[in-house]
Amino acid sequence: MPSGIILSGGPETVTESSPPSPDVGIYTLDVPLLGICYGMQIMADQLGGEVSISNKREFGLAKVSPHHDQEWLGESTSAASAKKVEFDVWMSHSDKVIELPPGFTIAASSVNAPMAAIIDIDRRFFGLQFHPEVTQTSNGPRILEFFLVQVCKCSQSWTSSNVAKDLIEIIRQKVAGDKVVLGLSGGVDSAVVAVLLHQAIGDQLTCIFVDNGLLRLNEGAEVVETFQKNIGIEVRQVNAVERFFRELSGVTDPEEKRKVIGRVFIEVFQDEANKIRDIKWLAQGTIYPDIIESAGNVHSSAQVIKSHHNVGGLPSSLNLKLLEPLSKLFKDEVRSLGRHLGIPKQLVYRHPFPGPGLGVRIVGEVTKENVDILRKVDHIFLTELKRHNLYDEVSQAFAVFLPIKSVGVVGDNRAYNHVVSLRAVETIDFMTADWKKLPYEFLSHVSTRIINEVSSIGRVTYDISSKPPATIEWE
Ligand code: XMP
């Protein structure tokens with residue numbers, strides 16, 4: 001018997017002829033139940049309430065006020081009873097419950113959703129029109145914790161320490177005495193896999209780090225140093241810089257560039273892996289959102305916006321068994337696992353960096369000279385963000401090299417120099433993003449540093465486009 005049931009949200013409407021429905025037997029199991037958005041509507045419908053269809057969608061932030069002592073909504077009882085405590089919630093629905101099922105009362109309302117939260121205290125059934133699982137709902141974590149811990153009496157055993165113990169045990173059983181190869185990218189996911197594997201199977205693991213010449217300033221050296229010196233994991237560093245630049249010569253089309261970088265990476269990795277004898281497993285830093293996205297792709301005919309590639313895209317021709325220990329974890333869980341395993345904070349909380357690296361941040365042809373310029377600019381921008389405590393306030397920040405030159409004046413002379421654009425975005429899921437309103441004084445300071453210190457740059461611009469319609473990367 002489950003300790004509780006959560007009926008999640010979804011894009012469907014209960015007003016269509018046969019909406020996706022749980023078995024009505026769940027309502028007589030004597031098990032606590034939480035319905036969220038569509039989950040609340042289907043619960044209300046099945047239990048005798050009424051749901052109305054609406055063409056008008058409520059989408060975005062709203063304020064809800066709990067009606068009376070509603071500790072489960074995340075406010076302390078006394079505060080809630082002393083005065084109505086409003087809190088922010090994220091709404092995303094068209095339909096709404098307009099008549100409560102027998103036994104239910106209203107627990108909270110918003111301007112557009114009088115039944116924003118409903119409860120049947122005797123049966124321990126709860127319904128939320130808003131989404132407690134998204135960060136914009138301020139009380140979301142407390143609401144979910146209350147339901148799971150106080151109502152369902154679940155124990156809080158999903159901790160980094162337990163997850164690490166379980167994963168290490170699973171890896172040991174699966175791999176036994178076999179050898180494993182892992183491609184390190186410098187990002188958090190492959191780093192966590194490396195440390196887990198190292199703790200589980202020691203030097204049966206070989207890590208390969210391919211330097212493609214498209215990394216940020218000092219990045220290759222930092223990755224190798226972090227792993228070899230701080231964590232004690234041996235890393236085979238492959239210097240493939242010349243080869244990548246050779247193959248990228250003359251390529252300007254963004255998709256073509258991505259394909260070249262992806263192909264060369266696979267060839268280099270494969271050559272290196274072939275040097276290690278008796279390898280049986282290929283470990284990858286696949287995380288749960290990657291699985292959701294690729295499952296979606298199998299069924300959808302969605303247009304290819306960009307062909308993504310990273311170390312996860314290795315081909316089956318390697319003939320290795322796949323080991324994906326993080327495949328059930330979300331990014332925040334991977335990060336706390338990383339901290340638990342002793343991976344340095346700056347690596348764990350590093351902004352994401354695309355597999356094709358600076359290659360997709362040089363608009364036009366990728367040359368060594370352009371990459372060197374971009375690297376210096378990028379380094380100044382990131383260093384200043386950190387120095388001004390802004391790095392953790394943005395989800396991703398970087399510079400882009402533009403394929404144009406612009407006129408300027410240096411002293412009494414005419415100058416004709418390169419142009420870069422700075423980009424900083426805020427996002428939760430990287431599917432949509434807003435450009436970051438960085439302080440003008442900060443941008444001015446960064447621009448001055450770049451123009452003073454990188455002599456071939458004559459102009460700095462700031463990208464104020466959101467996604468959509470722009471994407472985060474320029475290519
Ligand atoms: P876009 O540009 O599609 O980026 O809005 C969304 C997020 O994905 C990252 N990105 C990549 N990551 N391989 C990767 O591993 C890639 O080819 C790739 N392209 C984009 C991008 O940096 C942002 O975080």
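**Proline 469 lies in the segment after strand 18 (457-462) of this predicted model, and a cis peptide bond leads into it from proline 468.** Helices (H or I, at least four residues) and strands (E, at least two residues) are DSSP runs, numbered from the N terminus. The bond from proline 468 to proline 469 has omega near 5 degrees. Proline 468 is likewise found in the segment after strand 18, and the bond that joins lysine 467 to proline 468 is also cis, with omega of about -15 degrees. Residues are numbered from 1 along each chain as its sequence is written, and in this predicted model local features need pLDDT of at least 70, while side-chain atom pairs count only at pLDDT 80 or more. Totals for chains, interfaces and linings use all residues, and side-chain values use heavy atoms, with hydrogens and water left out.

**An open sheet of seven strands, with mixed pairing, has the strand order 1-2-9-8-7-4-5.** Strand 1 (5-7) and strand 5 (87-93) form the edges, each pairing on one side only, where two strands pair if DSSP finds at least two bridges between them. From one strand to the next the twist averages 25 degrees; axes are lines fitted to C-alpha atoms, for helices over the stretch in contact, and angles run from 0 to 180 degrees between N-to-C directions. Strand 1 and strand 2 (residues 33-36) run parallel and are joined by three bridges, and isoleucine 6 has leucine 34 of strand 2 as its bridge partner. Helix 1 (residues 38-46) packs on this sheet, touching strand 1, strand 2, strand 5, strand 8 (117-120) and strand 9 (125-128), and its direction makes about 115 degrees with that of strand 2; contact means heavy atoms within 4.5 Å.

**Strand 9 is covered on both faces, with Phe125 and Gly127 buried on one side and Phe126 and Leu128 buried on the other.** Buried means under 20% relative accessible area, exposed over 50%, and partly exposed in between (1.4 Å probe, protein chains only). In a regular strand the side chains alternate between the two faces of the sheet. Strand 2 is joined to strand 9 by four bridges in a parallel arrangement, with glycine 35 opposite glycine 127. Strand 8 is also joined to strand 9 by four bridges, but these two run antiparallel, and alanine 117 stands opposite leucine 128.

**Two residues other than glycine, arginine 124 and alanine 176, take positive phi values in loops.** The hairpin of strand 8 and strand 9 has four residues between the strands, and within it arginine 124 has phi near 60 degrees. With a relative accessibility of 28%, arginine 124 counts as partly exposed. Alanine 176, in the loop between helix 4 (160-175) and strand 10 (179-184), has phi near 50 degrees.

**Glycine 364 sits in the loop between helix 11 and helix 12, where it is buried at 15% relative accessible area.** Leaving aside residues up to four places away in sequence, glycine 364 touches Val251, Thr252, Lys257 and Glu475. Its C-alpha atom is separated by 21 Å from that of histidine 379, which is 15 residues away along the chain.

**The second largest cavity holds about 40 Å³ of space, in a structure where a search finds two cavities of 30 Å³ or more.** On a 1 Å grid over the protein atoms alone, a cavity is a set of points where a 1.4 Å probe fits but cannot get out, whereas a pocket is an open set with protein on both sides within 12 Å along at least five of seven lines, and lining residues have an atom within 4 Å of a point. Grid points are joined across faces, edges and corners, and a volume is the space filled by probe spheres set on the points. The lining of this cavity consists of Arg216, His351, Pro352, Phe353, Arg361, Asp378, Leu382, Gln396, Ala397 and Phe398. Helix 12 (368-387) and strand 15 (396-410) are the elements that give two or more residues to it, and strand 15 supplies the largest share, three residues. The lining residues divide into five nonpolar, two polar and three charged, with Ala, Val, Leu, Ile, Met, Phe, Trp, Tyr, Cys and Pro counted as nonpolar, Asp, Glu, Lys and Arg as charged, and the others, Gly among them, as polar.

**The second largest pocket encloses about 560 Å³ of space and is lined by 21 residues.** Those nearest its centre are Glu222, Gln346, Arg350, Lys386 and Tyr391. Helix 6 (219-231), helix 11 (345-348) and helix 12 are the elements that give two or more residues to this lining, which divides into seven nonpolar, six polar and eight charged residues.
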